[in-house]
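User: I am new to this structure. Please take a close look at one part of the model, and explain the terms as you go.

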Amino acid sequence: MSTGDTGVSASLHDHRLPMPVPVGEYDRCPVTDVLRRVSDKWTLLLITLLGRHPYRFNELHRTVEGLSPRMLTRTLRALESDGLVEREVFPTLPPSVEYRLTPLGVSLLEPLSALAGWAVAHHAEIVAVRQRPA
């Protein structure tokens, strides 16, 4: 943490951004890239669930109301392509598939937990500010 009273980590606080920020630089930013992935509708929930234990596809589908099989497949494939989730196929009839977090995915749980803790702690304050007249 920085020595100031902002509570912002030194790496984020001290980072110099060009002004104006070029759109290409913003689009190539690794933070922007990762936040786009984890902030889609289902990713954060699936990472949280898979952080508890591995799931079979149908078990995961039944666990999340409103998540279609197609969207579950797309989200899991995206997480696989990022190296956050691994898929294991079992030689049964019919074949069954189990999903689990990779070590990289597990390493994401702590920073996501910190963000979730901040969101819960400050949500009422944010809602109150949103409700103020403009």
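Analyst: Strand β2 (residues 85–90) and strand β3 (residues 96–101) run antiparallel and are joined by six bridges; strands pair if DSSP finds at least two bridges between them. Strands (E, at least two residues) and helices (H or I, at least four residues) are DSSP runs, numbered from the N terminus. The model is predicted, with local features needing pLDDT of at least 70 and side-chain atom pairs counting only at pLDDT 80 or more, while totals for chains, interfaces and linings use all residues. Residues are numbered from 1 along each chain as its sequence is written, and side-chain values use heavy atoms, leaving out hydrogens and water.

Between β2 and β3 lies a hairpin connection of five residues. One of the pairings places V85 opposite L101, its bridge partner in β3.

Ahead of this hairpin in the numbering comes helix α6 (residues 69–81), which packs against helix α4 (residues 43–52). Their axes (lines fitted to C-alpha atoms over the stretch in contact) are 10 Å apart, at an angle of about 70° on a scale from 0 to 180 degrees between N-to-C directions. The two helices are therefore roughly perpendicular, the term for angles of 65 to 115 degrees.

On the α4 side, T43, L46, I47 and L50 make the contact (heavy atoms within 4.5 Å). They meet L72, T75, L76 and L79 of α6. Of the residues in this contact, six are nonpolar, two are polar and none is charged; Leu and Ile count as nonpolar, Asp, Glu, Lys and Arg as charged, and Thr falls among the polar.

How values were computed
Angles under 35 degrees count as roughly parallel, over 145 as roughly antiparallel, 65 to 115 as roughly perpendicular and the rest as oblique.
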